[in-house]
Amino acid sequence: MTDFLIRGADVLGRGVADIAIQDGRIVDPELLATGDHETVEAAGLVALPGLVDMHTHLREPGKEDAETVLTGSRSAASGGYTCVHAMANTAPVADTAGVVEQVHRLGRAAGFAEVVPVGAVTTGLEGKQLAELGAMARSEARVRMFSDDGICVSDPLLMRRALEYVKTFDGIIAQHAQEPRLTEGAQMNEGTVSAELGLPGWPAVAEESIIARDVLLAEHVGSRLHICHVSTAGSVDLIRWAKARGIAVTAEVTPHHLMLTDELVRTFDPVFKVNPPLRTDKDVQALREALADGTIDVVGTDHAPHTAEHKCSEWTAAAMGMVGMESALSIVVAAMADHDFDFGDVARVMSSAPARITGASGHGSLEIGASANIVLVDPAAPHRIEPADHATKGRNNPFAGVEVTAKVTDTFFYGHRVLAAGALTTPHPAGATWTQQ
């Protein structure tokens, strides 16, 4: 592979330095002084560790009309992600060693980002019996995170057993917090707007009651719990309480829940239909504060591509979900602009924290000796988000037409430049056989 000298980058937005890449690792720049290498002039650009997404839907196997591992990986690289975790709601469901190994191999063959399969908690996502957690953990994919995302593990006994099981290999259960009986037929956030529009409401307590139950279960078992896509101020309060109590709980927020509110549903544009739903401005402000103070650990995109057939329809018939990997960094920077939140904080919530939580050891660091998973960002590049230009198959981006400033320019994936000056290049040259550094 080509060696690189990234010259004059603002590392984490906290000081200018050179970054050298040799044989897929970050090395002392002096080691490249006399060797053959390519120089990347990075004056004015911010260098961050490659982004890590704990929450994506790559749709393959079974739903390749909406996304594939390859198109999703290309989308990841375009957005500065070097590692993404693929949720289990595929067809067939990723509830066996065979399916997670298939996703794992597809990611390696794609070669644009590390694709880590997330195993299902229950067989078929049906919430009746535990899936093959141990077999998936021992498989070639080495699954460590399990989730029925899209469906809540609502049975408390089953949830307890899952937490007990994954504790044996330091796994983690990622819960989609949604009490099903409280959200039957729900179409949007329950509140003033839902009442005025006459749409069935989705109460905040449906999320909060599951979080309250599960943090207590995690404490009782002594296991790790992760809360997916937190969306309410009440959820923030519960997570803050649980952390103060010493419970091993982590949480994520999506870019869209940091920026958008249920007022947008007045347009009846299905691009704003998502699970959990867009909430109120009070919730948005609470989520931003929680991300800034560390109560919420990470930003996860919940990247959920859909075909036009399933998204471009009347509101009640439309699928729930939004794409987000290619606009996530720009939106997070914009959403947190009024807080004491610099690029070092962006790196914490979008790279180092998710890498630590999931065990993605090759990611999240710019230290000498670390794997060269790096992203360069232009912090002053005004541009309009254009879904038609995205690498993902999905066009259901709620930020279409929004003006933002921060822009990903380059992504280095284990030392290979998969994105150069904003354009995708080639996959990692080792292809399916590249080895995690």
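Are D410 and R417 buried or exposed? Both residues are buried. That's a good place to start with this predicted model, since the two also form a salt bridge, with the closest N and O atoms 2.6 Å apart. The pair doesn't stand alone either: E38 joins D410 and R417 in a network of salt bridges.

**Salt bridges**

Across the structure, the count of salt bridges comes to 21. As a general point, side chains of opposite charge can pair when their charged atoms come close. Here are three of the pairs, side by side.

| Pair | N to O distance | Accessibility |
|---|---|---|
| D410 and R417 | 2.6 Å | both buried |
| R105 and E140 | 3.0 Å | R105 44%, E140 41% |
| E164 and R161 | 3.0 Å | E164 26%, R161 38% |

Take R105 and E140, whose side chains meet in a salt bridge. R105 sits in helix α2 (residues 97-110), while E140 is in the loop between α3 (133-138) and β9 (145-146), so this pair ties together parts that are 35 residues apart in sequence. R105 has a relative accessibility of 44%, so it counts as partly exposed. E140, at 41%, also counts as partly exposed.

E164 and R161 are a more local affair: both belong to helix α4 (residues 156-167), three residues apart, or about one turn of the helix. Their side chains make a salt bridge at 3.0 Å, N to O. E164 is partly exposed at 26% relative accessibility, and R161 is partly exposed at 38%.

**The annotated domain and D302**

What does UniProt have to say? An unreviewed entry carries the annotation "domain: Dihydroorotase catalytic" for residues 46-233. Over that stretch the chain is 36% helix and 18% strand, and the C-alpha atoms at its ends are 32 Å apart.

For "active site", the unreviewed UniProt entry lists D302. Where does D302 lie? Look in the loop between β15 (298-299) and α10 (308-311). Why does D302 count as buried? Its relative accessible area is 7%, and the cut-off for buried is under 20%. Leaving aside residues up to four places away in sequence, D302 touches H55, H57, D149, H229, T254, H256, N275 and M322. Two names on that list, H256 and M322, turn up again in the lining of the largest cavity.

**Cavities**

How many cavities of 30 Å³ or more does the structure hold? There are two. The largest has about 50 Å³ of space, and its lining is made up of P255, H256, T301, M322, V323, G324, S327, P398 and F399. By class, that lining has five nonpolar residues, four polar ones and no charged ones.

The second largest cavity contains about 30 Å³ of space. Q187, M188, N189, D262, V265, F272, K273, V274, P277, L278 and W315 line this one. Its lining splits into seven nonpolar, two polar and two charged residues. The charged residues here include D262 and K273, whereas the lining of the largest cavity has no charged residues.

Key
Residues numbered from 1 in each chain as written. Predicted model: local features only at pLDDT ≥ 70, side-chain atom pairs only at ≥ 80, totals over all residues. Heavy atoms only, no water. UniProt positions renumbered as here; feature names shortened; annotations may be inferred. Helix = DSSP H or I, 4+ residues; strand = E, 2+ residues; numbered from the N terminus. 1 Å grid on protein atoms, 1.4 Å probe; cavity = no way out; pocket = protein on both sides within 12 Å on 5 of 7 lines; lining within 4 Å. Points joined across faces, edges and corners; volume = space filled by probe spheres on them. Buried < 20%, exposed > 50% of the residue type's maximum accessible area, 1.4 Å probe, protein only. Contact = heavy atoms within 4.5 Å. Salt bridge = Lys/Arg side-chain N within 4 Å of Asp/Glu carboxyl O.
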